[in-house]
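Visitor: Please show me the model, and then I will put some questions about it.

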Amino acid sequence: MSLQRATALVTARTAGGPGAVARPLGVAALAAAAVTYIAAVDPNAPGHYPGCPFLALTGWYCPGCGSLRAVHALAHGHLGEALARNPLTVLTVPVLVWIWVEWTWRQVTGRRRERALPAWVIWAWLGVVVAFWVLRNLPGFGWLSPA
Amino acid sequence: MSDYGAPPPPAYGAMPPGQPPAGSPPPNYLVWSILTTVFCCLPLGIVSIVFAAQVNSKWAAGDYAGAQASSTKARQFAMWSAIVGAAIIVLYVIFLIIISVAATNNQ
């Protein structure tokens, strides 16, 4: 099967059909499995996970550095520790949950997406990610760095 | 009778020829760009955020064809980010296996 076709199948609309809820449930199950694994296998211990390739190549932190440790801390209910490792990850979790809820709702009701997020929200998100990327590598912004 | 206060005529000229595709904005794959930038640490994710924003910008401006084109680009970059991310993880696991095999052989 070609890559194009595979993607088309994955993104095909199944809204309204009997399997409409199956995909959100599948994604939720995958996410739960991933979080359970990260909660059980401690990313603070060396050798458990691959390190960041960007950090290895450049010596700089990327916006995702510390996200495994942040998820691990969140799964154990340690919000402060999670914020210290990667505040962007902590911010992202409720956004991802919201996107999932909205998607599930559309799948259940069979409604089409009629509104688009205002573009400035996405540009602002881009700005936050880039600013975070730069700042967490600068002296004086240790609270943004994953270390 | 004056035209003061009359609503401006609809801007037909602003619409591209052809019907806009039935009310539904093209997907911007924003969720993939979020996942790849925050959980996969990939600069490619930044590119897919740019295309996601373009989809919504162009759609809001009435440029439906442009929005569709940006949507296609966003999908390509999201796909490649996911593929590169998976490849890095697989390569790393292979690397770990080779290291551990080499270590046991040296003992």
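The questions and answers below concern this predicted model.

Visitor: What pattern does chain B follow along the sequence?
Guide: The secondary structure of chain B comes to three helices and zero strands. Read along the sequence, the pattern is therefore made of helices alone, by DSSP runs. It is α-α-α.

Visitor: How far apart are the end C-alpha atoms of helix α2 of chain B, residues 44-60?
Guide: Helix α2(B) has 17 residues, and at 1.5 Å a residue these should span 24 Å. The separation in the model agrees with that expectation. The end C-alpha atoms are 25 Å apart.

Visitor: Is α2(B) largely enclosed or largely open, and how many of its residues are buried?
Guide: A residue is buried if 20 or more other C-beta atoms lie within 10 Å of its own. Residues of α2(B) that meet this cut-off include I49(B), F51(B), A53(B) and W59(B). The helix is largely enclosed by the rest of the structure, because the buried residues number 12 of the 17.

Visitor: Which helix of chain A is among the elements that cover the buried residues of α2(B)?
Guide: Part of the cover comes from chain B itself, through α1 (30-39) and α3 (64-106). Chain A also takes part, with the helix at residues 119-135. That helix is α7(A).

Visitor: Are α7(A) and α2(B) roughly parallel or roughly antiparallel?
Guide: The two helices pack with their axes 8 Å apart, at an angle of about 160°. Angles over 145 degrees count as roughly antiparallel. The crossing is left-handed. The pair is therefore roughly antiparallel.

Visitor: How many nonpolar residues does the contact of α7(A) with α2(B) have?
Guide: On the α7(A) side the contact includes I122(A), W123(A), L126(A) and V129(A). On the α2(B) side, I46(B), V50(B), N56(B) and S57(B) are among the residues. By class there are two polar and no charged residues, and the nonpolar ones number 12.

Visitor: Taking the two chains as wholes, how many residues on the side of chain A that touches chain B are nonpolar?
Guide: In total, 29 residues of chain A are in contact with 27 residues of chain B. The elements giving two or more residues to the chain A side are α1 (3-11), α3 (53-58), α6 (87-109) and α7 of chain A. That side has six polar and three charged residues, and the nonpolar ones number 20.

Visitor: Which element of chain B do the buried residues of α6(A) pack against?
Guide: The buried residues of α6(A) are L88(A), T89(A), T92(A) and Q107(A). Within chain A they pack against α2, α4 (67-75) and α7. In chain B they pack against α1.

Visitor: Which residue just after α6(A) takes a positive phi?
Guide: The 23 residues of α6(A) should span 33 Å at 1.5 Å a residue, and the end C-alpha atoms, 34 Å apart, agree with this. Just after the helix, phi is positive at about 75°, and the residue is G110(A).

Visitor: Is Y49(A) exposed or only partly exposed?
Guide: Y49(A) lies in the loop between α2 (22-40) and α3 of chain A. Leaving aside neighbours within four places in sequence, Y49(A) is in contact with P43(A) and L68(A). Since 16 other C-beta atoms lie within 10 Å, Y49(A) is partly exposed.

Conventions:
Residues numbered from 1 in each chain as written. Chains lettered and ligands numbered in written order. Predicted model: local features only at pLDDT ≥ 70, side-chain atom pairs only at ≥ 80, totals over all residues. Helix = DSSP H or I, 4+ residues; strand = E, 2+ residues; numbered from the N terminus. Expected span 1.5 Å × (residues − 1). Contact = placed C-beta atoms within 7 Å. Axes fitted to C-alpha atoms, helices over the stretch in contact; angles between N-to-C directions. Parallel < 35°, antiparallel > 145°, perpendicular 65-115°, else oblique. Left-handed = near helix turned anticlockwise from the far one by under 90°. Nonpolar A, V, L, I, M, F, W, Y, C, P; charged D, E, K, R; others polar.
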